[in-house]
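Me: I have a model open on my screen and would like a close look at one part of it. Could you take me through one strand and its partners, and then show me how that part sits in the rest?

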Amino acid sequence: LGVFADAGVLGVAGAREPPVGAVGNETPAAHAEDVVDYVLRATLDPTTHIIHGDGTITWRNKSIAPAQELWIHLYLNAFKNQLSAFMREHIGGRGSSTPEEWGWIDVRRLALRRADSPDGAPVIDLWPRAELRREAPDGQVTADPVDASGIASDAGGHAADEDETDVRVPLPYAIAPGQEVVLEVAFDDKLPQVVERTGYHGSFHMVGQWFPKLARLEPNGRWAHFPFHHLSEFYADFGTYDVTLDVPAAFTVGATGALVESRVADGRRIERFVQHDVHDFAWTAWDRYRSAHENIDGVAVTLLYPPGYARLAGRELAALRFALPYFSSRYGRYPYDVLTVVHPPHDAAEAGGMEYPTLITTGGAWWALPGVLGPEIVTVHELGHQWFYGTIATNELAWPVLDEGLTEYAEVDAMAKWRGEASLFDIGGLELSDVAAEAVGGNMAVHDEPVAQPANAFSSGAAYGRLVYARTASLLETCARVYGDEAVARAVGTYARRYRFGHPNPEQLVGAFAEVMGPEVAATLRSALFDKGWVDYAVDEISTHKAERPAGVFDRDGKRETVGPGTGGDGRWESAVLVRRRGNLSFPVDVELTFGDGSTKRERWDAVEEWKRFEHSGPAELRAAVVDPDDRVIVDMNRANNFGRPDGGVAWAPRTLERATYWIQLAIQALSP
Amino acid sequence: VSEAGDSLGQAPDGMRARRHPWAILGLWGWQTALALGASWPTASLIHAVFGASPRGDAELWVPGGHALLDFLWHDAHALAPVTSTAKAVLLAAAILGLLPMAASMFAMTDDVGERRAFVLLRSISRALRAMPALLLLLVIASAAQAGSVGLGWLVAKGVDMWFSEALGDARAQRIGLAVALVFVLAASGLGVVHDLARAVVVCSRTRALRALVRGARAFASSPLSIWWSWAWRALAALAPVVAIAAVASRIGGRGGFALVALAVLHQGVVLARVALHLSWLAKAMRVVQRAP
């Protein structure tokens, strides 16, 4: 019997001092409001991949209205058949393949325990009255209505007829505001073959969305519930999870929260995990795991990985050593004492790249080249979710930009700070940065759809990825390059600290930018997020010529003088550059003029107006002009029109010719006999 | 004296690449001309896009690669014909390259004292006559090598699947790779036999199949020694490519002297690799000349 119960282990670490250099001056909340507590016990049969679960859910009505019903998410049913909302939305992205084996959750019991119920029954069985399936008006999957504050509401039918992921449970009596109820639950999970974050492969088990989970009741008394959509993630209230897992003794377990009790009896390993201030619980069990343990910035990090992946595990730990303290300093101290990182085996790779409170999954092949930083990027990204999803629990269906978008920005920023310009690829002298790829990816879809819209409103997985992830990251990186990294760090840091353990919407994010960086920047951000804002700077016209005396007939001092065209001036050169800003976004930029004598001159353009002509008179001719020479506005739609020459361009491409010739020579030698 | 009656100007010991620098330069020139032809459309396209920049195409090589990635997105359609051209050149190089290679081999069989122009013309003439045999050898050897590598891939995949459940994917794939390596080594042995058969064609003017048999017999007489003669040159040809990549990464998008220096280094690497290849082919000719 090994018991690790320790109040210090269970507690959150919000009271710790932020490190020196932290940005943002708000003190984040130390704890979340305790709305819903789960005490669950789960027993895994690794042969049938069935989990038997039971326990209690203690829920408090924190809204202003009596609750007449409960909404419960049974998201494992997304993989039950091809008529679930998830499987019917054929729009690409992760989880698009049909599971090799279906998975589901059967609720065996859902009962309301209350001694003072009106009919005197101590326990009221709710499940017989539950509406597992409902008819949509047209029999189709429909978008969830989203109200003005961005909260998906329960108004209108929005569950497909066969979808069983979003269940309405009528209550026998209303639960008054402030009242607490206890639900007894019992359920059986049949895990699918790994698909979209969850499932099994062989004896590997990644268990997410596995228990009946209450939707969130908004303060206004409306349930924010929704089916498991293909591109959507989740939304829930904070609380305490106390989960006891029962697996074969040979299995290693990783889970949300701190391990407080562990024992082996009768060939079974029984481990209990407890965590306050979280809104979900996931776990994994496998009899092949290798593990590494390290204390990083005061957090007990456990890395679980397959045999033969030790080198890759070392790379992932290195990424955590940088990113964990970096994120803590930028977005508020990581509030938990533990972090578990799971690297799934190759054949279960779709379980990788996912976030749960205090548990993330990463990915990458054991042979991943050191110069290709995919494993580091995934690890840093999922870690970033501990802030933008974990502690700031936004509605991921309504506003994926707030979790995936901000996390992507946190990722590219951290990777740039850590690995510089080679934060994505660094092989053979070619250095590519994570943020450069995001900038181009975001521009690809900018005219198609808004960035800030519900996940299930996106037309395709590709559009969702390019806009939510790439566009948001490159927008905020542009703000950092134009207005200063420190300012953006303060704005995002203020948002992250102020809404820790909260459920903000985009207005709160824009508000933090307005507060820290001013209304103009906030307006730009709003336009970019909501109105498909875009920008393209261009050098449109450029000219240079020797100054000449004005030609014509002039009456001066009582004499008439005729000056012919081309009459010499004072030897100076007159130059002009017309630059344009196309699109509805505006960022101030530099315009750099290069002269024949090798000198350069920079002019600042606030770019409020749509065009500006820069005129210059000097001793040398203008050779070239460049808008945004430092590449600060990385959301610029077209970099290739940012420069111009009066002669139309005379430079050739010696570097390209040299390198291309060399590479093709090598290719000829490889292919030639 | 060859089977066709032509006399070889060089005794086996004299067939060495270092004694025939013009052969090395000729083959290098052929490859360079082809590569320049293939890369010119790319350079022209980039000139058209970045010519107006004061930094020229250095924009593309700035660390971080934003301009490069932006260019690849915006000009994807223009890049399609450019890459098609490069592919066509590589295909042509794979087939027509037999001619300069054979000419170089013939040149190495000639007396170094003869006039270069005469040697060149005679070598090309002999190479043209040997082309049918060399082409047939190329087809046979390529098919055999592809078969060996393909079979190796299938076996490795099977081994991977077989062991994956018991050992985990990383260990299973490593075992699979080790198994695949055996087939790759076998393919390299087939390549060595192919080169020996070419040497027979050059030295003895025999037909392809007969040359293949004689090449295989020569290889069988001392397989490890002959294979190593090829392998150390192949490894030596790899080393400067790796080394120069590090230099290139330091130079980045710089122009001027740095770019000239990089070009010189790159061409030095290409020239060295050509020399090592011809050195091996000369060795192959010596082997078949000495074989019983």
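Reply: Happy to help; here is a walk from one strand outward to the whole chain and its partner. Please keep in mind that this is a predicted model.

Let's start with strand 8 of chain A, which covers residues 180-190. This strand is mostly covered, with 10 of its 11 residues buried. Strand 8 of chain A has strand 3 (residues 50-60) of chain A as an antiparallel partner, and 11 bridges link the two. If you want a place to look, find A:Gly53, which stands opposite A:Phe187 of strand 8. Strand 5 (residues 104-113) of chain A also pairs with strand 8 of chain A, again in the antiparallel sense, over nine bridges. Here A:Leu112 has A:Leu183 of strand 8 as its bridge partner. In a regular strand, side chains alternate between the two faces of the sheet.

Another sheet in chain A is useful to set beside this. It is an open sheet of three strands, ordered 7-4-11, with antiparallel pairing. Strand 7 (166-175) and strand 11 (213-214) of chain A are its edge strands, each pairing on one side only. Strand 4 (residues 67-73) of chain A meets strand 11 of chain A through two bridges, in the antiparallel sense. On that side you can pick out A:His73, opposite A:Lys213 in strand 11.

Now for the packing. In soluble globular proteins, nonpolar side chains tend to be buried together. The largest nonpolar core in this model has 181 residues, and A:Trp59 and A:Trp283 touch the most other members. Helix 3 (residues 310-331) of chain A gives the most to this core, with 10 residues. A second, separate core holds 44 residues, including B:Ala23, B:Leu98, B:Val274 and B:Val287. Going back to A:Trp283, its contacts beyond four places in sequence include A:Ala42, A:Leu44, A:Ile51, A:His205, A:Trp210, A:Val247 and A:Leu359.

A helix is worth a stop as well. Helix 12 of chain A runs over residues 654-671, and because each of its 18 residues should add 1.5 Å, the expected span is 26 Å. The end C-alpha atoms lie 25 Å apart, which agrees. Helix 12 of chain A is also mostly covered, since 14 of its 18 residues are buried.

You may also wonder about the cysteines. A:Cys479 has 2% relative accessibility and therefore counts as buried, the cut-off being under 20%. B:Cys203, at 1%, counts as buried too. Over all chains, the structure holds zero disulfides.

Stepping back, chain A has 12 helices and 34 strands. Its C-alpha trace spans about 115 × 65 × 50 Å along the principal axes, and 60% of its 673 residues count as buried. Among contacts in chain A between residues at least 6 apart in sequence, 74% join residues at least 24 apart.

Finally, there is the partner chain. The contact takes 61 residues from chain A and 73 residues from chain B. Between them the two chains bury about 5600 Å², with 63% of this on carbon and sulfur atoms. On the chain B side, B:Trp61, B:His66 and B:Trp73 lose the most area to chain A, together 12% of what that side buries.

Notes
Residues are numbered from 1 along each chain as its sequence is written. Chains are lettered from A and ligands numbered from 1 in the order in which they are written. This is a predicted model: local features need pLDDT of at least 70, side-chain atom pairs count only at pLDDT 80 or more; totals for chains, interfaces and linings use all residues. Side-chain values use heavy atoms; hydrogens and water are left out. A disulfide is a pair of cysteine sulfur atoms within 2.5 Å. Buried means under 20% relative accessible area, exposed over 50%, partly exposed in between (1.4 Å probe, protein chains only). Two strands pair if DSSP finds at least two bridges between them. Helices (H or I, at least four residues) and strands (E, at least two) are DSSP runs, numbered from the N terminus. The expected span of a helix is 1.5 Å times one less than its number of residues. A nonpolar core is a set of buried Ala, Val, Leu, Ile, Met, Phe, Trp, Tyr and Cys residues joined through side-chain atoms within 4.5 Å. Contact means heavy atoms within 4.5 Å. Buried area is the accessible area (1.4 Å probe) that two parts lose on being put together, summed over both.
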